[in-house]
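Subject: The structure you asked about

Hi,

Here is the structure I promised to pass on. Have it open while you read, and my notes on what turned up follow just below.

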Amino acid sequence: MNTPIDISEESGVRYLHFGSDWVQGAMRLRKPDALELEYTREMMAGLLLRPAPWPARVLLIGLGAGSLAKFVHRQLPGAATTVVEIAPEVHAVARQYFRLPDEDERLRVVIGDGAAFVEQDDSQWDLIAVDGFDSHARAGALAGQAFYEACRRRLSADGLLAVNMFGELRGFKTQLQRLQKAFGGRVLALPPCPSGNVVAFATAGEVIEVDAALLEARAAALEAGTGLKLGSTLKRLRKSGLLGEGRLRL
């Protein structure tokens, strides 16, 4: 494929676009390994649901500006990450303009179709994070029933799937229904970000129950240790009523 790529900069932040105004990634020049966009921070909110040193094996579908790959590589030294990106030009731009590190024993980049990779590769993953869109903000096969079911098969016993959705504007309800079907209802959709993105988590393992106090403690530890800020996520969770009886259940 040939992905149209544009790069812009404003107020110390470099943005990636795929031939449209949609922001496909961002990097603050003074903090290149930080997660600049709120939805990318929420893609890592699974760290609130599992005790460290989870996750050990991470699969990222869609590279974009490399934000998630850089964060995991820098801040989670016990994790090995594989990234699947369909467009080689996106990989080249992430390395040249967004400081994606070279591949090593903890970071591998596969140029290929993410849906096909999950279907064909029989590896097991602790975290699968899906953030793949084309220039029209369409997820294609990465929002399909078969893909979500394949993701379920590829999760380890304590595995989580994290999916970035574009909210109501881009068929969020349909995607969520497919996710619910694939995971037997074991899905948590976070309240929408101000940008309109909705990040959903799904699991097929043991029931996850984390009380609000532990969520707060883990969030504080993550911010202190990695700079990951999830305070606004917890605030929206409290307001949404998803912390029923003072705990989060998935």
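Let me start in a loop: R99 sits in the stretch between α3 (88-97) and β6 (107-111). Please keep in mind that this is a predicted model. R99 has a positive phi of about 60°, although it is not a glycine. As for its surroundings, R99 is partly exposed, with a relative accessible area of 45%.

A second residue of this kind is E245, a non-glycine whose phi is positive, near 55°. You will find E245 in the loop between α8 (231-240) and β12 (247-249). At 74% relative accessibility, E245 counts as exposed.

Two peptide bonds also caught my eye. The bond from A52 to P53 is cis, with omega near 10°, and the bond from W54 to P55 is cis too, with omega near 0°. P53 belongs to the loop between α1 (38-43) and β4 (57-61), and P55 is likewise found in the loop between α1 and β4.

While you are in that part of the chain, have a look at T40, which is placed in helix α1. T40 is buried, with a relative accessible area of 4%. Leaving aside residues up to four places away in sequence, T40 touches L35 and L68.

Now to the sheets. One is an open sheet of seven strands with mixed pairing, in the order β6-β5-β4-β7-β8-β10-β9. Its edge strands are β6 and β9 (187-189), each of which pairs on one side only. On average, neighbouring strands in this sheet are turned by 15° against each other, direction ignored.

At the β9 end, β9 pairs with β10 (residues 198-202) in the antiparallel sense, over three bridges. If you want a spot to zoom in on, A189 has A200 in β10 as its bridge partner. Helix α6 (residues 172-182) packs on the sheet and touches β8, β9 and β10. The direction of α6 makes about 170° with that of β8. Another helix to look at is α5 (residues 145-154), which lies across β4, β7 (125-130) and β8 (155-165). Helix α5 runs at about 150° to β8.

There is also an open sheet of three strands, ordered β1-β2-β3 and paired antiparallel. β1 (6-10) and β3 (23-28) each have a single partner strand, so one side of each is left without a neighbour in the sheet. Neighbouring strands here are turned by 20° against each other on average, again ignoring direction. β1 and β2 (residues 13-17) run antiparallel and are joined by five bridges. Within that pair, S8 stands opposite Y15 in β2. As a general reminder, the strands of a sheet pair through backbone hydrogen bonds, either parallel or antiparallel.

Since you work at the bench, you may want to know about the cysteines. How many disulfides does the count come to? The count comes to zero. C151 is in no disulfide, and the nearest cysteine sulfur, that of C193, is 20 Å away. Why is there no bond for C193? The sulfur of C193 is 20 Å from the closest cysteine sulfur, in C151, and that is too far for a bond, because a disulfide calls for a pair of cysteine sulfur atoms within 2.5 Å. As for where these residues sit, C151 is buried, with a relative accessible area of 0%, and C193 is buried as well, at 4%.

Last, the empty space inside. A search of the whole structure finds one cavity of 30 Å³ or more. The largest cavity holds about 60 Å³ of space. Which residues line the largest cavity? The lining is made up of A45, G46, L48, L49, L188, L190, F201, L215, T233, L237 and L248. Two strands from the seven-stranded sheet are represented here: L188 falls within β9, residues 187-189, and F201 falls within β10, residues 198-202.

That is what I have for you. Write back whenever you like, and enjoy looking around.

Best wishes

Key:
Residues are numbered from 1 along each chain as its sequence is written. This is a predicted model: local features need pLDDT of at least 70, side-chain atom pairs count only at pLDDT 80 or more; totals for chains, interfaces and linings use all residues. Side-chain values use heavy atoms; hydrogens and water are left out. Buried means under 20% relative accessible area, exposed over 50%, partly exposed in between (1.4 Å probe, protein chains only). Helices (H or I, at least four residues) and strands (E, at least two) are DSSP runs, numbered from the N terminus. Two strands pair if DSSP finds at least two bridges between them. Axes are lines fitted to C-alpha atoms, for helices over the stretch in contact, and angles run from 0 to 180 degrees between N-to-C directions. Contact means heavy atoms within 4.5 Å. On a 1 Å grid over the protein atoms alone, a cavity is a set of points where a 1.4 Å probe fits but cannot get out, and a pocket is an open set with protein on both sides within 12 Å along at least five of seven lines; lining residues have an atom within 4 Å of a point. Grid points are joined across faces, edges and corners, and a volume is the space filled by probe spheres set on the points.
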